[in-house]
Amino acid sequence: MSAVWTLDAVTARHGRKTVLEAASLAIAPGEVVGIVGPNGAGKTSLLRAGLGLLPLAAGEALLSSRPVSALKPDERARLVGYLPQERRAAWNLPARMIAALGASDLSEPEADRLARACLARVGAGELVDRGVLDMSGGERARVLLARLLATRAPLLVADEPVAGLDPDAQLLTLDLLRAEAAGGAAVVVTLHDLGLAGRACDRVVVVSQGRIVAEGAPREALSPEVLAGVFGLNGELVETPAGLVLAARRA
Ligand SMILES: Nc1ncnc2c1ncn2[C@@H]1O[C@H](COP(=O)(O)OP(=O)(O)OP(=O)(O)O)[C@@H](O)[C@H]1O
């Protein structure tokens, strides 16, 4: 099946510093791809460069076979839903209005219905009328996840969607993203929890110092050699009745 998102030898810089070097990636409908790597490795830069939010110094990024640089903002918004790492909200709007922003293609009543349904899915059904600035960080994260789900975009990109969430909410978030993939969406998610990445992702991409250094099925990409060389960990991903978990200590 043809890729919904392609990065072809993408290089990107922040000022003089190269933060992404010749990164190539192809994301297909129906798969959940985890991007992992240490702090500062270049995960967010990869997402932003691939979405046209960070200028490319070299290479090409395509959304549904079209160069991202050629897409108008509304075209891009139809092709991809993006949940940034920062959970910023400028205005204290109620959760249902924030979630409805994901569905700007719908009429107001339809968007409101969908927003409420998405808030219920993420376990924030009780918060529909609460201002997003009058919530805990984890509650706000759920509302922003609901906004992402409301986009119904063919590509969903979530930058650290489980950071700061309680264990149940982390698993729920990944279950919901997996459900979107089962429905045909392509899902790309950055994660720091390598066990969760192993459990929730079909494929894992390891970024280190601005380069993709490993890619494949979770246990293949997160081999003991990669855990040691990239993360400074001695150990491995271990299969348990609950799925893969990381059994490792600092090297
Ligand atoms: N606005 C910026 N200006 C200058 N350098 C930046 C900027 N944003 C990020 N960088 C640098 O780019 C590199 C990659 O950062 P990036 O945010 O992509 O990493 P990351 O893998 O997402 O990290 P984290 O896990 O900490 O979120 C880092 O060296 C970082 O210091």
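Here is a short chat about helix α6, strand β8 and the ligand shell in a predicted model.

Student: What should I keep in mind about numbering and confidence here?
Tutor: Residues are numbered from 1 along each chain as its sequence is written. Since the model is predicted, local features need pLDDT of at least 70, side-chain atom pairs count only at pLDDT 80 or more, and totals for chains, interfaces and linings use all residues.

Student: What makes α6 a helix of the expected span?
Tutor: Helices are DSSP runs of H or I with at least four residues, and strands are runs of E with at least two, numbered from the N terminus. The expected span is 1.5 Å times one less than the number of residues. For the 16 residues of α6 (167–182) that gives 22 Å, and the end C-alpha atoms are 22 Å apart, so the two agree.

Student: Which residues of α6 are called buried, and what does that take?
Tutor: Buried means 20 or more other C-beta atoms within 10 Å of the residue's own, exposed means 12 or fewer, and partly exposed is in between, with C-beta atoms placed from the backbone. In α6, A169, T173, L174, L176, L177, E180 and A181 make the buried list.

Student: How do you know that they line one face?
Tutor: Take the directions from the helix axis to the C-beta atoms. Down the axis of α6, the buried residues fall within an arc of 155°, so they line one face. On the face turned away sit the exposed P167, D168, D175 and A182.

Student: What do the buried residues of α6 pack against?
Tutor: Contact means C-beta atoms, placed from the backbone, within 7 Å. By that rule the partners include β3 (32–36), β7 (155–159) and β8 (186–190).

Student: Why is β8 called mostly covered?
Tutor: Five of its five residues are buried. A186, V188 and T190 lie on one side, V187 and V189 on the other. In a regular strand the side chains alternate between the two faces of the sheet.

Student: What makes β8 a paired strand?
Tutor: Pairing takes at least two DSSP bridges. β8 has four to β3, running parallel, and five to β7, also parallel, so by the definition both count as pairs. I35 stands opposite T190, and L155 has A186 as its bridge partner.

Student: Which elements give two or more residues to the ligand's shell?
Tutor: The shell takes residues whose C-beta atom, placed from the backbone, lies within 6 Å of the molecule. H14, K17, N39 and K43 are among them. The elements are β2 (17–27) and α1 (43–50), with α1 giving the largest share, three residues.

Technical notes:
Contact = placed C-beta atoms within 7 Å.
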